[in-house]
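New notebook page. I want to go through this model piece by piece and jot down what I look up.

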Amino acid sequence: MTQTFDIAIIGAGMAGLSAARALTEAGHKTVIFDKSRGSGGRMSSKRTESGNLDMGAQYFTARDPHFRSALQTWIDRGWVAEWSPRLFVRNEDELFESSDDQQRYVGSPRMTSLSRGLLEGLDMVSKTRIERLQQSDDDRWELVDDAGAVHGPFDRVVVATPAPQAVPLLTASGHLEQAASQVEMLPGWTLALAFAEPLNTAVEACFVRVGGLDWISRNSSKPGRQGLDSWVLQSNPRWAMGNLDTDKAEVGKQLRAELAEVLGIDLPEPVFEHAHRWLYARSADTCNWGALAAPEKGLYVCGDWCLGGRIENAWLSGRQAAQTLMGRK
Ligand SMILES: Cc1cc2nc3c(=O)[nH]c(=O)nc-3n(C[C@H](O)[C@H](O)[C@H](O)COP(=O)(O)OP(=O)(O)OC[C@H]3O[C@@H](n4cnc5c(N)ncnc54)[C@H](O)[C@@H]3O)c2cc1C
C-alpha cells in the first residue's frame, strides 16, 4: 500500500482547496487552516439584503483540459453556471460593445458556492491565522497560530496563501522564502452598490481603460442572484495604491462618480454600498512556477501567484503542489 501522510494546508482559497481535494482523494489525511470565517479567499461573496454580491473574483474562464473536466463536474453539481453578460469596453473616447465571446463562469448562486462545494467532506479549521511553523520532537511540523495554540504534528505542510503571507511560514527553507519574497502583490478596491430601480443601461459588464476603474459588473445579471439591481466596481491597482488609506465613504463617492462617467448616466443614490480593500489582490508579474517545493523539508507552496493571477491558475497550482507531494510530477 502507498504511504499516506497527515497534511496541513494553510489557506482555503482555490489553490488550497484544489490541493486538499487531490490529496484527500488519493487517501491522505488533510486539515485546512484559514484565518477567515469561511472558505474561498479572494473568491469571496457577501450576503446582503440586496442580494449576494461577489466582492473578489468576478468570473472565471477555463482553458486547461484538466480544469475544464473539473469544471464540468462543478456544473453538473450545480455549484457553477455560465454567465454571458452584455460586455462593453470603455476607453478614452467611447463606450462600445465588445466582440469578446469567451465563455465565462461564476459560482451559483454566489461565487462562494464553488468553494463551499469544494470544501464538502474536507476538514477545515477556520478563524485560525497560522503565524509560524515549528519542528516537533519527532521532526514533523507543528503549526503555531496567532493565539499561541499549536496544531499538529503533520508530516507535510502545503502553504496556499498570497505570497507576502507565505513568507513568514517558509523560513525553514531559504529558497522558498526567497521566491515568495520576490513576488509583489498589488492592492485593489472593490465597491458594491445596489439601487432601488434598475439603472438605465444595457451594460452588464465592462472593461474600463480610463480613470480609476478596471472593471464593472452588473452583479444581478449573474445566474441565481436575486434582489435589487446590484453592481460591483473594481479599481485598478494604480488607483488603489494612491488611495490605500482613503476612508470607505470617500472611496464610494469617487468610484460612484467614475461609474456614472463610464456609463454616461446620472446615478441615483444607492440603497446599499459596501467598499472592501484588498491589500493583495493580484500579483504584479506572472511567474510560471506552477508550484514550489522543498521536499526534503516536507514543505510545498501553491497559489495563483505561482502561475498567474486567475482562479484557473490557482486551481492548477494547488493540483500541482499535491502531485509534487505525491511524487507524481
Ligand atoms: C478584486 C479581485 C478580482 C478578481 N477577479 C478575478 C476574475 O474575474 N477572474 C479570475 O480568474 N480571478 C480573479 N481574481 C483573482 C482570483 O481571485 C485569485 O486568482 C484566486 O482566487 C486566488 O486563489 P488562491 O487560493 O491562490 O489565494 P486566496 O484566494 O487569496 O486564498 C488564500 C487563503 O489563505 C488565507 N490565509 C492567508 N494567510 C493566512 C495565514 N497566515 N493563516 C491562515 N490562513 C491564511 C486567506 O484567508 C485566504 O482564504 C480576482 C481577485 C481579486 C482580489
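**Entry 1: a strand in the middle of things**

In which sense do strand β1 and β13 pair, and over how many bridges? I looked it up: β1 (residues 6-10) and β13 run parallel, with four bridges. Note to self before going on: this is a predicted model.

I then picked out one pair, and Ile9 turns out to stand opposite Val158 in β13. On to another partner of β13: strand β20 (residues 299-301) also pairs with β13 in the parallel sense, over three bridges. Here I noted that Val159 has Val301 in β20 as its bridge partner.

Which way do the residues of β13 (residues 156-159) point? Arg156 and Val158 go one way, while Val157 and Val159 go the other. I checked for burial too, and all of them are buried, Arg156 included.

**Entry 2: a covered helix**

Next I turned to helix α3 (residues 112-119). How many of its eight residues are buried? Six are, so I can call α3 mostly covered, counting a residue as buried if 20 or more other C-beta atoms lie within 10 Å of its own. My list for α3 reads Thr112, Ser113, Leu114, Ser115, Leu118 and Leu119.

What does the covering? I found several elements over the buried residues of α3, among them the helices α1 (14-25) and α2 (65-76). Strands join in as well, including β3 (45-48), β5 (80-83), β8 (104-107) and β9 (123-125). One more detail: just after α3, Gly121 has a positive phi of about 80°.

**Entry 3: two domains**

I looked up the domain assignment. Domain 1 is put together from 6-35 + 128-183 + 287-325, and domain 2 from 48-114 + 185-283. Their centres, taken over C-alpha atoms, are 29 Å apart. Where they touch, I get twelve residues from domain 1 and twelve residues from domain 2.

On the domain 1 side, α4 (163-166) and α8 (311-325) each supply at least two residues. α8 gives the most, with five residues. I sorted that side of domain 1 by type as well: eight nonpolar, one polar and three charged.

**Entry 4: the open sheet**

In what order do the seven strands of the open sheet come? I wrote down β7-β6-β15-β16-β17-β14-β18, with mixed pairing. Why do β7 (95-97) and β18 (272-283) each have a side without a neighbour in the sheet? They stand at the edges and each has a single partner strand, so one side of each is left free of a neighbour there. From one strand to the next, the twist averages 20°.

I zoomed in on one pairing: β14 (residues 185-195) and β18 run antiparallel and share nine bridges. In that stretch, Leu186 faces Arg282 in β18. Helix α7 (residues 248-263) packs on the sheet and touches β6 (87-90), β7, β14, β15 (205-208), β16 (213-217), β17 (229-235) and β18. The direction of α7 makes about 75° with that of β14.

**Entry 5: around the ligand**

Last lookup. Which of the 37 residues around the ligand come nearest? Gly11, Gly13, Ala15, Gly41 and Asp304 do. The shell draws at least three residues from each of domain 1 and domain 2. I also see old acquaintances here, since α1, β14, β18 and α8 each supply at least two residues of the shell. By type, the shell splits into 16 nonpolar, 14 polar and seven charged residues.

Terms used:
Residues are numbered from 1 along each chain as its sequence is written. This is a predicted model: local features need pLDDT of at least 70, side-chain atom pairs count only at pLDDT 80 or more; totals for chains, interfaces and linings use all residues. A residue is buried if 20 or more other C-beta atoms lie within 10 Å of its own, exposed if 12 or fewer, and partly exposed in between; C-beta atoms are placed from the backbone. Two residues are in contact if their C-beta atoms, placed from the backbone, lie within 7 Å. Two strands pair if DSSP finds at least two bridges between them. Domain bounds come from an automatic or database domain assignment. Ala, Val, Leu, Ile, Met, Phe, Trp, Tyr, Cys and Pro count as nonpolar, Asp, Glu, Lys and Arg as charged, and the others, Gly among them, as polar. Axes are lines fitted to C-alpha atoms, for helices over the stretch in contact, and angles run from 0 to 180 degrees between N-to-C directions. A residue is near a molecule or strand if its C-beta atom, placed from the backbone, lies within 6 Å of it.
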